[in-house]
Amino acid sequence: ELIARSQRMANWLLTLQRPDGSFPGGVEHDKSESSIFNTAQILDGLLAIGIRENNTTYLDAAERAASWLTDRQADDGSWTTNLYDVECRTYLCHAAWPLAKAGEVNHFKRSSEYRDAAKRFADWAITFQTTNGWIEKWSFKLGADDDEINTLHTIAYTIEGLLEMGFLWDDEALLAAASSAAERLLRRFEVEGVLWGEYDNQWRK
């Protein structure tokens, strides 16, 4: 039953994929801009079911999505268009991670490019880490004049993406960056007995 449900969901997602390989950022069949984050999260699901079922339809769709993500990347490793926020945010480590997974699918023609693109983003992201483990830009920032919203949600996205890419490549720098941030959260939990929904750059609620 669960497998059948996952197949129905994947088939529905295929109806949303655009000719360039991307997926929209809004609701079903609207005309919203294609989304880096949404495309990456759907890529993750298509890879999972495509590999499990050895299904070329899902894998072909995943390959097109990975190519779109790679082609939209800036030279420094960031993404500057098709974003939810006003500028690129480091929480998109959670978008780079599926791209890194696509880089491990050897029969994808551009697999090495996918891996390199994911690594460029991860390396870009960790340049924003400060000495106390905090990573700048892992917040929501919806407008140029808006305050940054450092939610636990996006903090966890960043840590998880860095951690998983670090494990995938045995990359000590990424693992160290993820561990440094995670250890600070663990310490706050030990002291306060709870994880708060938002923090400042000194790990205060």
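Let's start with cavities: in this predicted model, the count comes to one cavity of 30 Å³ or more. The space inside that largest cavity is about 30 Å³. Which residues line the largest cavity? Going along the chain, they are Phe37, Asn82, Leu83, Tyr84, Asp85, Glu87, Arg89, Tyr91 and Leu92. If you sort that lining by type, you get five nonpolar residues, one polar and three charged.

Keep a few of those names in mind, please. Phe37, Tyr84 and Tyr91 are in the cavity lining, and ring pairs link Phe37, Tyr84 and Tyr91 with Phe140 and Tyr157 into a cluster.

On to the aromatic pairs in general. The whole structure has 13 of them. One pair is phenylalanine 108 with tyrosine 114, arranged edge-to-face, with 6.3 Å from centre to centre and 75° between the planes. Are these two rings buried or exposed? Phenylalanine 108 counts as buried because its relative accessibility is 2%, and tyrosine 114 is buried too, at 0%.

There is also a charge over a ring to show you. The charged end of lysine 205 sits over the ring of tryptophan 196, at 3.9 Å from the ring centre.

Now for salt bridges. As a reminder, side chains of opposite charge can pair when their charged atoms come close. How many salt bridges does the structure hold? There are 14.

Let me walk you through three, beginning at the start of the chain. Glutamate 1 pairs with arginine 5, and their closest N and O atoms are 2.9 Å apart. Glutamate 1 is exposed, with a relative accessible area of 63%, while arginine 5 counts as partly exposed at 45%.

Next, aspartate 44 and lysine 101 meet in a salt bridge at 2.7 Å, N to O. This pair links distant parts of the chain, since aspartate 44 is in helix 2 (residues 36-53) and lysine 101 in helix 4 (residues 93-102), 57 residues apart. Lysine 101 counts as partly exposed, at 28% relative accessibility.

Finally, back to a residue from the cavity lining, arginine 89. Arginine 89 forms a salt bridge with glutamate 148, with 3.3 Å between the closest N and O atoms. Here again distant parts of the chain are linked: arginine 89 is in the loop between helix 3 (56-71) and helix 4, and glutamate 148 is in the loop between helix 5 (111-126) and helix 6 (152-169), 59 residues apart. Arginine 89 is buried, with a relative accessible area of 1%, whereas glutamate 148 is partly exposed at 36%. Both belong to a salt-bridge network with Glu87 and Lys137.

Notes: Residues numbered from 1 in each chain as written. Predicted model: local features only at pLDDT ≥ 70, side-chain atom pairs only at ≥ 80, totals over all residues. Heavy atoms only, no water. 1 Å grid on protein atoms, 1.4 Å probe; cavity = no way out; pocket = protein on both sides within 12 Å on 5 of 7 lines; lining within 4 Å. Points joined across faces, edges and corners; volume = space filled by probe spheres on them. Nonpolar A, V, L, I, M, F, W, Y, C, P; charged D, E, K, R; others polar. Phe/Tyr/Trp six-rings, centres within 6.5 Å; stacked < 30°, edge-to-face > 60°. Buried < 20%, exposed > 50% of the residue type's maximum accessible area, 1.4 Å probe, protein only. Lys NZ or Arg CZ within 6 Å of the ring centre and 35° of its normal. Salt bridge = Lys/Arg side-chain N within 4 Å of Asp/Glu carboxyl O. Helix = DSSP H or I, 4+ residues; strand = E, 2+ residues; numbered from the N terminus.
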